[in-house]
Amino acid sequence: MSEIQKAQVQAQFGASAQDYVTSAGHAAGLDLERLIAWGRRRAAPRVLDVATGGGHTALAFAGFTPVVIATDLTLPMLEAARGFIRGKGVANVHFLESDVEALPFEDASFGVVTCRTAAHHFPAILTALKEVARVLKPGGSLLVQDILGHEDREMAAFILEVEKRRDPSHVRSLPQREWVAFLKAAGLTVIDEGMLSKVRKWDEWTERMRMSAEATADLERHVLEAPARCRDAFGFKVEHGRIESFTDRMILLRADKD
Ligand SMILES: C[S@@+](CC[C@H](N)C(=O)[O-])C[C@H]1O[C@@H](n2cnc3c(N)ncnc32)[C@H](O)[C@@H]1O
């Protein structure tokens with residue numbers, strides 16, 4: 001990962017670390033429940049949660065896993081997650097600053113690796129997935145959830161522009177076919193998958209990334225002036241000329257190491 005890209009992620013997430021801890025959409029949801037259900041079935045003694053953010057996935061897995069290691073590229077994020085998890089009286093989550101592209105673990109160290117709402121920030125997804133595969137035991141599972149990329153070029157370009165204006169560290173959301181291909185190239189086979197919708201409240205979504213009032217107004221104008229088919233593809237709800245919400249689709253994948 002280039003130093004510039006790293007700095008961009010750290011700047012974006014460092015400034016809003018506490019907001020990720022308190023975000024209701026990260027704290028719970030059907031997507032997290034699905035990851036937990038997969039994780040419980042695997043019953044791994046050691047789980048690695050990469051790009052832990054506010055720590056919600058690590059906390060959930062700590063409820064049924066002896067040891068959880070939570071890693072993230074952004075130190076203030078890890079500190080916020082540590083404060084949040086320790087505040088709950090949970091002591092079996094350990095925190096480590098690290099880039100997903102260079103995990104500081106031996107080969108075959110974990111039965112399960114989780115990665116929730118983060119892969120769209122990884123500039124070299126294949127490198128990241130190969131690194132995850134390296135630290136997984138043979139037969140171990142990557143449990144991943146991310147924003148689903150659109151197959152249609154126009155729609156994909158529209159939402160990428162919206163995402164990047166809100167958060168310059170957003171790289172790209174992959175469509176299902178690309179996910180399966182990248183996982184396969186990393187030595188991981190998809191065993192189970194699912195899709196879910198998630199409604200994003202516009203004000204909360206833009207405020208969490210600390211956009212200026214001017215940048216938010218520009219982005220809103222950009223969306224409102226886009227072709228209606230683009231807004232419709234993401235379920236944008238507009239009331240009295242103001243955006244209220246839109247809907248992301250999430251992909252969930254369990255992929256096992258060959
Ligand atoms: C939306 S948050 C993750 C949410 C969290 N997984 C959860 O379940 O609530 C995205 C996180 O990805 C981290 N991140 C982005 N690029 C990364 C990389 N290359 N390596 C590790 N962490 C990264 C950011 O620092 C940020 O904390």
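Here are a few questions and answers about a predicted model and the ligand it holds.

Reader: Which residues come nearest to the ligand?
Author: Happy to start there. The ligand has 22 residues around it. Those that come nearest are Thr57, Asp72, Thr74, Val100 and Arg116.

Reader: How far is an oxygen atom of the ligand from an N or O atom in the side chain of Thr74?
Author: A polar contact calls for a pair of N or O atoms within 3.5 Å. For the side chain of Thr74 and the ligand oxygen, the separation is 2.7 Å.

Reader: Which residue has a polar backbone atom 3.0 Å from a nitrogen atom of the ligand?
Author: Let us take the side chains first. Asp99 places a polar side-chain atom 3.0 Å from a ligand nitrogen. The backbone partner, with a polar atom 3.0 Å from a nitrogen of the ligand, is Val100.

Reader: How much of the ligand's accessible area does the protein cover?
Author: On its own, the ligand has 600 Å² of accessible area. The space it takes is the largest cavity. The share of that area covered by the protein is 99%.

Reader: Which elements give two or more residues to the shell around the ligand?
Author: By class, this shell has 10 nonpolar, 9 polar and 3 charged residues. The elements giving two or more of its residues are α1 (3-15) and α5 (56-62).

Reader: Is Ala156 buried, partly exposed or exposed?
Author: Ala156 belongs to helix α8, residues 153-166. Its relative accessible area is 26%. Buried means under 20% and exposed over 50%, so Ala156 is partly exposed.

Definitions and conventions:
Residues numbered from 1 in each chain as written. Predicted model: local features only at pLDDT ≥ 70, side-chain atom pairs only at ≥ 80, totals over all residues. Heavy atoms only, no water. Helix = DSSP H or I, 4+ residues; strand = E, 2+ residues; numbered from the N terminus. Buried < 20%, exposed > 50% of the residue type's maximum accessible area, 1.4 Å probe, protein only. Near = heavy atom within 4 Å. Polar contact = N/O pair within 3.5 Å; in protein donor to acceptor, adjacent residues only side chain to side chain. Areas by Shrake-Rupley, 256 points an atom, 1.4 Å probe, with all protein chains shown as cover. 1 Å grid on protein atoms, 1.4 Å probe; cavity = no way out; pocket = protein on both sides within 12 Å on 5 of 7 lines; lining within 4 Å. Sits in = over half its atoms within 2 Å of the grid points. Nonpolar A, V, L, I, M, F, W, Y, C, P; charged D, E, K, R; others polar.
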